[in-house]
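Biologist: I am new to this structure and would love a close look at a single part of it. Could you pick up one helix and walk me through its surroundings, then carry on outward from there?

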Amino acid sequence: MIHKNFPMVPRVIFGRGSFNQLNEILAPKRLNIDAPFIFLIDDVFKGNTDLTSRISLSYDDRIIFISADEEPKTSQVDKLVEDIILNTKERPSGIIGIGGGTLLDLAKAVSIMLTNDGESKSYQGWDLVKNPAVYHVGIPTISGTGAEVSRTTVLTGPKRKLGINSDYTPFDQVILDSDLTVGVPHEQWFYTGMDCYIHCIESLSGSYLNTFSQSYGGMAFQLCQEVFLDNNLSEIESREKLMMASWHGGMSIAYSQVGVAHAMSYGLAFLLGTKHGIGNCLVFDHLEEFYPEGVKLFKQMKEKHNIILPKGICANLSDNDFDVMINIALGLTPLWENALGKNWQKIITKEKLKALYQKI
Ligand code: NAD
Ligand code: ZN
């Protein structure tokens, strides 16, 4: 048996107000005055001087505001990289992503593509990246995806939604400042938080589970229960705990995998552009058969936080549309193998998947 040898985020700072230390963290990483730091920031923070005034720009440093309305695309990454290459004198000293999973993944992908030739779509998959990425920093402003700690950056390409999974993907530095998550809208808080909860359930009930994944998954699960079910946390505690739940949930799937909800949610995202958090919730709501206890708790959480999921998302789709989603979902072999074991193809058929999608 060959055991996987995973990289981890080598430096992390945790605590309210830790974002104030960003400038001193970056200073020693500046290669020279022609090699700027590029900040990729969710455009929800445009005009938010509380955040931007704390970033001190020197020399050719630059902020690029990016909308998170759509999830990252390979073409978007390639364009950003081209823009950065054209507008900087030298390869940047660092890429800093500030935002949710969308911005964190963009920062990871851009830092990889600055040192690797060709188009980002050719690196979607496992261990295809050849050269180490540019120094990159992740600063989450919403908690749940685990993108701050994971070894992947999920991109939608022309043919598939698939991560660039590599040893060079994880951030070199992460800043966990839960005060940055203060303004997250209630429903978005729930959807992205549920991404973490679903990571736990899929990891903990998967066939790939080992003690490493189980211990992180158990911690994340416990924290999610405190945040979403128990009623005794202050808002500050709740934000801090969800931030750590996200981290541990991400660590849990390093050695294991996600499962049915993620596979199906990728299908929805590819065809309809449904975003990850809500997509997972839409699917998970119908997965009692695979995750009976997990779905029961999920429904309680939904009710407790007055979340009403949209209905009829797949109502007007053609047979061809269903086929597209089903093929995307079934293409994710490791997810199915984790969820259902080696004989997964006997358990999940195209017809079964279609029936599930039709319920959404
Ligand atoms: P997101 O980054 O798409 O953001 C969701 C919404 O919240 C956006 O409208 C954004 O502007 C807003 N927002 C973020 N922070 C805010 C703040 N502090 N105040 C107000 N609004 C704020 O959401 P997400 O759920 O974090 O990320 C989803 C993405 O993460 C998907 O693209 C998914 O594929 C990816 N993902 C990656 C991994 C990984 O390991 N790399 C894991 C899971 C999901
Ligand atoms: Zn997820």
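Modeller: Happy to! Let's begin with helix H12, which covers residues 333-340. Please keep in mind that this is a predicted model. Within H12, the buried residues are Leu 335, Trp 336, Glu 337, Asn 338 and Leu 340. Their cover includes several other helices: H5 (186-204), H8 (260-272), H11 (319-330), H13 (344-347) and H14 (350-359). Just after H12 comes Gly 341, with a positive phi near 90°.

Trp 336 is a good residue to follow from here. The largest nonpolar core has 55 residues, and Trp 336 is among those that touch the most other members, together with Phe 190, Tyr 197, Phe 284 and Leu 287. The element that gives the most to this core is H5, with 8 residues. If you turn to Tyr 197 and set aside its neighbours within four places in sequence, you will find it in contact with Phe 221, Cys 224, Phe 284, Glu 293, Gly 294, Leu 297, Phe 298 and Met 301. Another core, of 35 residues, lies apart from the largest one, and its members include Leu 80, Ile 84, Leu 106 and Val 129.

H5 also leads us to the ligand. Of the 28 residues around ligand 1, the ones that come nearest are Asp 42, Thr 102, Ser 150, Thr 192 and Lys 275. Thr 102 places a polar side-chain atom 2.6 Å from an oxygen atom of ligand 1. On the nitrogen side, an N or O atom in the side chain of Thr 141 is 2.8 Å from a nitrogen atom of the ligand, and a backbone N or O atom of Leu 180 lies 3.0 Å from a nitrogen atom of ligand 1. Taken alone, the ligand exposes 860 Å², of which the protein buries 91%. Two elements give two or more residues to the shell, namely helix H4 (101-113) and H5. H4 gives the most, with 4 residues. By type, the shell divides into 10 nonpolar, 11 polar and 7 charged residues.

One last stop is Thr 152, in the loop between strand S6 (136-140) and strand S7 (154-156). Thr 152 counts as buried because its relative accessible area is 17%, under the 20% cut-off. Its side chain makes a polar contact with the side chain of Asn 165, at 3.2 Å. Beyond its neighbours within four places in sequence, Thr 152 is in contact with Asp 105, Lys 108, Gly 163, Ile 164, Asn 165 and Thr 169.

Terms used: Residues numbered from 1 in each chain as written. Chains lettered and ligands numbered in written order. Predicted model: local features only at pLDDT ≥ 70, side-chain atom pairs only at ≥ 80, totals over all residues. Heavy atoms only, no water. Buried < 20%, exposed > 50% of the residue type's maximum accessible area, 1.4 Å probe, protein only. Polar contact = N/O pair within 3.5 Å; in protein donor to acceptor, adjacent residues only side chain to side chain. Contact = heavy atoms within 4.5 Å. Core = buried A, V, L, I, M, F, W, Y, C linked by side-chain atoms within 4.5 Å. Near = heavy atom within 4 Å. Areas by Shrake-Rupley, 256 points an atom, 1.4 Å probe, with all protein chains shown as cover. Nonpolar A, V, L, I, M, F, W, Y, C, P; charged D, E, K, R; others polar.
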